[in-house]
Amino acid sequence: MPRHTPVGWPPTSRRDLVIKSLWILVWLVFLSSPVEDLAGGHHSTAATVAGSCGLAVFVGVYLTMVFRNIGRPFSRGVVLVLGGILGVLAPVLAYTLGSAWLGLFVYLAVAYGATLPLRAAYFAIPASALAMYLIGLRSAEKEARGLVVLVVLIGFAMTGVGQLVRTTIELRKARATVAQLAANEERLRLARDLHDLLGHSLSLITLKSELAGRMLPGHPEQAARQVADIEQVSRQALVDVREAVTGYRRPRLAAELAGAQVALAAAGVAAEVPADPGLAGVPEEAESALAWALREAVTNVVRHSGAERCAVRLLRHETLDGPVLELTVEDNGSGGSGKGPGNGLTGLTERLQKAGGTLRAGRIRQGFRLVARVPAAPRTDVGSGA
């Protein structure tokens, strides 16, 4: 399955660099008119050399200004300097070498629209179109009149593209900041919980150990009672820690849904994921089992399926055994290479069975589907149902 570098991201591999470079080179095809004009021998040797150098500088500055600036933005001063160079080269080359060079103003409008602040771009783009038209009056008024609309439209269209790229970069930074803040908050919560769980118990153990040490020479029976108290407090602290660790390890379905959305998007898979799981009345054990099922299914989609689309659905059903919550993960990929269920699906089946649920997974006509069901209400021992 093809993987594309997201908008606003610099290339992260040689493949990404090649793909982005090809997209850049495709749009340089509109420079064919100046190149043909130079190769046609219509100018003197000095003019041809000067035009070739000017065109090379223009293309280099244009590529630097637009495509380098999209991934890792320059400062405003650098953008203004590079824009000024393009704003000088385009009129000079078009005025001195003829109408074949009017196309440079299209690239000028693209550069201004993509990189300049909106207020500056709104003035620079019409000014570029006006300058091109005035220069075109000297050699090819009809061609200049046709290019005016093109320059204005492309320039203002690129303001939207530039704004989209800048917004994407800001969102990426904001998401990284939110993730860091969430990690910091989780560390603080873990520190608070450990302090609450172990602070009192360890203090009591320390105090009773000191008392037992003082009593050992003359009062062995009292020291033994202190040691017994230490054992009891230690066992209770161990139970508390195990319960806390179990709570930390238990995945939550809402968190797994959000993680699935991010993982599928990062893998280039078009994702359809519900926002609100609606878990009112669902036992924690059942929710945890569904969360594990979702994690396993999304991992298989990302790593093994080669899918382009993935849909996650979460529905409630009424059955003879009571209400159930059903999770369906369906993709259009080719699936893994194994002929039978892997260790992940086998362990997942056992986990769901412990929660009173079931698992169905297999190939469908166009892709792979995993369906996990768990009780949507606490289980009872009444009757002979589930």
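Me: Over residues 79–110, how many Å apart are the end C-alpha atoms?
Reply: The model is a predicted one. The UniProt record, an unreviewed entry, annotates residues 79–110 as a "transmembrane region". Along this span the chain is 81% helix and 0% strand. Its end C-alpha atoms are separated by 13 Å.

Me: What percentage of the span of residues 47–67 is helix?
Reply: Residues 47–67 are also among the spans that the unreviewed UniProt entry lists as "transmembrane region". In the model, the end C-alpha atoms of this span lie 29 Å apart. Strand accounts for 0% of the span, and helix for 100%.

Me: How many helices and how many strands does the secondary structure of the protein come to?
Reply: The protein has 386 residues, and buried ones make up 32% of them. Its secondary structure includes helix H2, at residues 32–39, and strand S3, at residues 322–331. The full count is eleven helices and five strands.

Me: Which helix gives the most residues to the largest nonpolar core?
Reply: The largest nonpolar core has 41 residues, and those touching the most other members are Tyr62, Leu86, Trp101, Leu102, Leu104 and Phe105. The elements that give two or more residues to this core are helices H3 (45–71), H4 (76–97), H5 (104–115), H6 (118–139) and H7 (141–215). The greatest contribution is ten residues, and it comes from H5.

Me: Leaving aside neighbours within four places in sequence, with which residues is Phe105 in contact?
Reply: Phe105 is one of the core members that touch the most others. To find its partners from elsewhere in the chain, neighbours within four places in sequence are left aside. The contacts of Phe105 are then Ala90, Pro91, Ala94, Ser128, Ala131, Met132, Ile135 and Val151.

Me: How many residues are in the second, separate core?
Reply: Apart from the largest nonpolar core of 41 residues, the protein has a second, separate one. Among the members of this second core are Val282, Val298, Cys310 and Val329. Its size is 33 residues.

Me: Is Asp37 buried or exposed?
Reply: Asp37 lies in helix H2. Leaving aside neighbours within four places in sequence, Asp37 is in contact with His42, His43, Leu97, Ala100 and Trp101. Because its relative accessible area is 11%, Asp37 counts as buried.

Me: What is the order of the five strands in the open sheet?
Reply: The sheet is open and its pairing is mixed. The edge strands, which each pair on one side only, are S1 (270–272) and S4 (358–364). The twist from one strand to the next averages 15°. The five strands stand in the order S1-S2-S3-S5-S4.

Me: How many bridges join strand S2 to S3?
Reply: Strand S2 covers residues 309–319 and pairs with S3 in the antiparallel sense. A hairpin through two residues connects S2 and S3. Within this pairing, Cys310 stands opposite Asp331 in S3. The number of bridges is ten.

Me: Which residue in S5 is the bridge partner of Leu327?
Reply: Strand S3 is joined by eight bridges to S5 (residues 367–375), and the two strands run antiparallel. One of the pairs matches Val324 with Pro375 in S5. For Leu327, the partner in S5 is Ala372.

Me: How many residues lie between S4 and S5 in their hairpin?
Reply: S4 and S5 run antiparallel and are joined by seven bridges. Arg363 stands opposite Phe368 in S5, and Ile364 has Gly367 in S5 as its bridge partner. The hairpin formed by S4 and S5 has, between the two strands, two residues.

Me: Why is S3 largely enclosed by the rest of the structure, and how many of its residues are buried?
Reply: In the order S1-S2-S3-S5-S4, S3 stands between S2 and S5. S3 is described as largely enclosed because most of its ten residues are buried. The number of buried residues in S3 is eight.

Notes:
Residues are numbered from 1 along each chain as its sequence is written. This is a predicted model: local features need pLDDT of at least 70, side-chain atom pairs count only at pLDDT 80 or more; totals for chains, interfaces and linings use all residues. Side-chain values use heavy atoms; hydrogens and water are left out. A nonpolar core is a set of buried Ala, Val, Leu, Ile, Met, Phe, Trp, Tyr and Cys residues joined through side-chain atoms within 4.5 Å. Buried means under 20% relative accessible area, exposed over 50%, partly exposed in between (1.4 Å probe, protein chains only). Helices (H or I, at least four residues) and strands (E, at least two) are DSSP runs, numbered from the N terminus. Contact means heavy atoms within 4.5 Å. Two strands pair if DSSP finds at least two bridges between them. Axes are lines fitted to C-alpha atoms, for helices over the stretch in contact, and angles run from 0 to 180 degrees between N-to-C directions. UniProt positions are given in the numbering used here, feature names are shortened, and annotations may be inferred rather than shown by experiment.
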